[in-house]
Amino acid sequence: MVIVGKQREENVAEPVLANLLANDHFGHATGKVVDGRNEYGIEANLKGFLGAAYSLGAILSLPFVPYVNQRVGRRWTIVFGSCVSLVGALIQGFSNGVAMYIVARILLGFGIPFCIVAGSSLLGELGYPKERPILTSLFNSSYFIGQVIAAAVGLGTVTISSNWAWRIPSLLQIAPATVQLMTVMFLPESPRYLISKDRYEEAFEILTKYHAEGDRSSVIVKAELAQIEQTIKIELEESKQSWWDMFRTAGMRRRLFISAFLGLFTQWSGNSLITYYLSDLLNMIGITDSMTKSKINIGLACWGLVCGTALALTAPRFKRRPMYLTCACCLLCVYIAWTISMERFLSTKAQSAAILTIFFIFAYQPAYNLGYNALTYTYLVELFPYVGRSRGLSWFQFYGRGAGFFATYVNPVGLARIAWKWLLVYCCWLVFEVIFIYFFFPETSGRTLEELSFLFEDKDKTNEVAAAVHKQLDEDDEKKNVTAHVEVQVAKNAV
């Protein structure tokens, strides 16, 4: 699990962002003194771009991710992404102005998709079939470990009056990248990647060790090898492994269509509003003290870790479509209630409305984690066949990062100009999500990755893979029968 938890470790969540960036390096003096310190303001457009630069870097890297992932394997792709993140963290920590800080965030964003795509692929392809949904769900929920640490660091540095208030959290981003560099090569490589490179013996050893407890005669391992080999063979015969192949068949086009909207849903469901602009939301309901904001932020992170992990362990046990529908419906209900409570506070200044607003911000976490956090990478790994998996995950990342870039940029502008009415935009979008999931999301639970490789294709290819598996098992049975016959003859002759 060392490769997980990397997705958003760099995204310094609010209220830390305002405290880190609103100083003489990034903001302008307002002439006010708060808590004995000069107050600095930051323009909504600049604040939005500082947050969105991370997603911009991720978007720029996506054309290269599948090539590196297929060329050098999952582990070395993670190494490359971690090295880029390491350099970005150093540049951000020693930034001397807005331009250098933005370049650093773009670099950090550039490195992260390499780790995400390779990490999620490795977990899904290495995991035992029954454990795979849990592993891939924990991949996304482990983000909260990083969020809790970031929030705790923010709580510790929020009172520092110098630039080290933001330099310390920035430099600490070196830690997760370093841990990955030190440990990732201790993990086994994906057996599907090894088979695609004709390294059958290595794949056999890995599957024997992790899927059969070291039993080299295991029927399960032999069936898996036959299934993986035949599936990859069929995929490679029909694909030149280019981006154009992703659009060539109706089945792949449908996969791309679904994953593109899933990428939009994971970022346009209102989560970026809480992740980056919690401080602005709390300001709107009368909470302006930095320490109070930091305590709420760390409480939100800890709550997210608890419910995110719990749902990651339970949600994959259920069918995917009902869980996604429940997730979207719950998010819609939370956002409607949140919008009403915020409007009531701004209209009446009632303290009870402010408390309710905080409650709904906390209620958002389990609603979001139920589907978009717990199931996203589980669903994507199941949705795409091996040959298209890296490109499929990169395609998802493109839309997710693009949506994140847009949302992060426009959120402060929307809040500044129309206040609580900005939440109505998310309410309308969530209605669309419910409709889209109901009509377009297929069910993928309860089947192996090889069975799902032809989810939208004709049954002939599925039957061909099944025939290859049965042939392998029949050959093993024949060998056992011959061996048993020889042993009996030897015993008779000895008598």
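The exercises below work through helices, contacts, cysteines and backbone angles in a predicted model.

Residues are numbered from 1 along each chain as its sequence is written, and side-chain values use heavy atoms, with hydrogens and water left out. The model is predicted, so local features need pLDDT of at least 70 and side-chain atom pairs count only at pLDDT 80 or more, while totals for chains, interfaces and linings use all residues.

**Exercise 1. Overall make-up**

Task: State how many helices and strands the protein chain has, and what share of its residues is buried.

Solution. Step 1: the protein chain has 22 helices and two strands; these are DSSP runs (helices H or I, at least four residues; strands E, at least two), numbered from the N terminus. Step 2: 56% of the 495 residues count as buried, where buried means under 20% relative accessible area, exposed over 50% and partly exposed in between, with a 1.4 Å probe and protein chains only. Step 3: among contacts with a separation of 6 or more, 81% join residues 24 or more positions apart; contact means heavy atoms within 4.5 Å.

**Exercise 2. Packing of H14 and H16**

Task: Describe how helix H14 and helix H16 pack, and which residues meet.

Solution. Step 1: two packed helices are described by the angle between their axes and the distance between the axes. Step 2: for H14 (residues 271-284) and H16 (residues 320-348) the angle is about 25 degrees and the axes are 12 Å apart. Axes are lines fitted to C-alpha atoms, for helices over the stretch in contact, and angles run from 0 to 180 degrees between N-to-C directions. Step 3: H14 is therefore roughly parallel to H16, since angles under 35 degrees count as roughly parallel, over 145 as roughly antiparallel, 65 to 115 as roughly perpendicular and the rest as oblique. Step 4: H14 contributes Leu-273, Ile-274, Leu-281 and Met-284, which meet Tyr-335, Trp-338, Met-342, Phe-345 and Leu-346 of H16. Step 5: by class, this contact has nine nonpolar, no polar and no charged residues. Nonpolar covers Ala, Val, Leu, Ile, Met, Phe, Trp, Tyr, Cys and Pro; charged covers Asp, Glu, Lys and Arg; the others, Gly among them, are polar.

**Exercise 3. Helix spans**

Task: Compare the span of H13 with the expected value, and do likewise for H11.

Solution. Step 1: the expected span of a helix is 1.5 Å times one less than its number of residues. Step 2: H13 (residues 250-268) has 19 residues and reaches 27 Å from its first C-alpha to its last, close to the expected 27 Å. Just after H13, Gly-270 has a positive phi of about 100 degrees. Step 3: the 12 residues of H11 should span 16 Å, and its end C-alpha atoms are 16 Å apart, which agrees. Step 4: the buried residues of H11 are Ala-203, Phe-204, Ile-206, Leu-207, Thr-208 and His-211.

**Exercise 4. Cysteines**

Task: State how many disulfides the structure holds, and why Cys-333 forms no bond with Cys-330.

Solution. Step 1: the structure holds zero disulfides, a disulfide being a pair of cysteine sulfur atoms within 2.5 Å. Step 2: the cysteine sulfur closest to that of Cys-333 belongs to Cys-330, at 6.5 Å, which is too far for a bond. Step 3: Cys-333 counts as exposed because its relative accessibility is 53%, while Cys-302, at 36%, counts as partly exposed.

**Exercise 5. Positive phi**

Task: Give phi for Asp-198 and for Lys-349, and place each residue.

Solution. Step 1: most residues other than glycine have a negative phi. Step 2: Asp-198 has a positive phi near 65 degrees and is found in the loop between H10 (191-196) and H11 (200-211). With 57% relative accessibility, Asp-198 is exposed. Step 3: Lys-349 has a positive phi near 60 degrees and lies in the loop between H16 and H17 (351-373). Lys-349 is exposed too, at 54% relative accessible area. Step 4: Glu-213, following H11, has a positive phi near 55 degrees.

**Exercise 6. Pairs separated in sequence**

Task: Give the C-alpha distance between Val-431 and Ala-328, between Leu-122 and Arg-75, and between Ile-91 and Tyr-101.

Solution. Step 1: Val-431, in H20 (residues 422-440), is 103 residues along the chain from Ala-328, and their C-alpha atoms are separated by 8.1 Å. Step 2: Leu-122, in H5 (residues 98-126), is 47 residues from Arg-75 and 8.1 Å from that residue in space. Leu-122 is buried at 2% relative accessibility. Step 3: Ile-91, in H4 (residues 74-93), is 10 residues and 7.4 Å from Tyr-101. Leaving out residues up to four places away in sequence, Ile-91 touches Met-100, Ala-104 and Leu-107.
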